[in-house]
Amino acid sequence: MDHQAAGTHPFRLCAAAAAGVAAGVLVAAAPAAASEVLTFSPSAVRAGDAVVISGSVPTTGSDSCPARRDVVLTSTPGFFPPHGTGAQAVRTASGSFRVRYNVPATAVAGTYGIGVRCGSGDVVGYGRLQVTDAVKHVPAGGNTTPDTGRWLIGMGALLIGAGIYIGVAELSSRARRQ
């Protein structure tokens, strides 16, 4: 069977299944009462760039986390390599926190669900961050690596030009001697 023609290449099927399982684990780990507590600046970030993740987890009541406990950010291993566990965030007395995070340059573009865990416990909040493709940084002068094909053509043209110049000079010199 031609998997590529049918659009069912085995690698694509495995990758889609793995992404579905990872998303399911994040959603299943979040209690039904978890609320959207995270904000991101910027709201969409390029892979390889930094994002500020901030939020607040109450210190009392439902979906709370005692003030003395830090929160831990979680997502997929593609966002928080290698296991999906992000940074611990120290909270203020009111439960607020703020973390600067460099998104891996290898992160695949898409929407990432970011969970907030109270220590190593349950997910008590979440947020969604849009990650776009990484930008390839090219120096202001353009590509600094030589393009072998263009370099060879340029050198060939230079040698041909030098040969013509030497040939014309030799002919001109012979004409003057006669």
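Here are legends for a handful of close-ups of this predicted model. Because the model is predicted, local features need pLDDT of at least 70 and side-chain atom pairs count only at pLDDT 80 or more, while totals for chains, interfaces and linings use all residues. Residues are numbered from 1 along each chain as its sequence is written, and side-chain values use heavy atoms, with hydrogens and water left out.

**View A. The largest nonpolar core, with Leu38 among its best-connected residues.** This core has 26 residues, and Leu38, Leu73, Phe79, Val116 and Val131 have the most contacts inside it. (A nonpolar core is a set of buried Ala, Val, Leu, Ile, Met, Phe, Trp, Tyr and Cys residues joined through side-chain atoms within 4.5 Å; buried means under 20% relative accessible area, exposed over 50%, partly exposed in between, using a 1.4 Å probe and protein chains only.) Strands 2 (38–41), 4 (50–56), 5 (71–74), 7 (96–102), 8 (110–118) and 9 (123–132) each supply at least two of the core residues, and strand 8 gives the most, with 4. Strands here are DSSP runs of E, at least two residues long, numbered from the N terminus. Beyond its neighbours within four places in sequence, Leu38 is in contact (heavy atoms within 4.5 Å) with residues including Ile53, Leu73, Phe97, Ile114 and Val116.

**View B. Strand 8 and its two pairing partners.** Strand 8 is largely enclosed by the rest of the structure, because 7 of its 9 residues are buried. Strand 5 runs antiparallel to strand 8, joined by 4 bridges, with Thr74 opposite Gly115. On to strand 9: that pairing is antiparallel too, with 8 bridges, and Arg117 stands opposite Val123. (Two strands pair if DSSP finds at least two bridges between them.) The hairpin of strands 8 and 9 has 4 residues between the strands, and Gly119 there takes a positive phi near 60°.

**View C. Tyr112, a buried tyrosine in strand 8.** Tyr112 has a relative accessible area of 10%. A polar atom of its side chain lies 2.7 Å from the backbone oxygen of Val108. Setting aside neighbours within four places in sequence, Tyr112 touches Ser75, Thr76, Phe79 and Leu129, among others. Gly78 is 34 residues away from Tyr112 in sequence, yet their C-alpha atoms are 9.4 Å apart.

**View D. Two cis peptide bonds, each leading into a proline.** Most peptide bonds are trans. The bond from Ser41 to Pro42 is cis, with omega near 0°; Pro42 sits in the loop between strand 2 and strand 3 (44–46). Pro81 to Pro82 is also cis, with omega near 0°, and Pro82 is in the loop between strand 5 and strand 6 (85–89).

Definitions and conventions:
A polar contact is a pair of N or O atoms within 3.5 Å; within protein, one must be able to donate a hydrogen and the other to accept it, and residues adjacent in sequence count only if both atoms are side-chain atoms.
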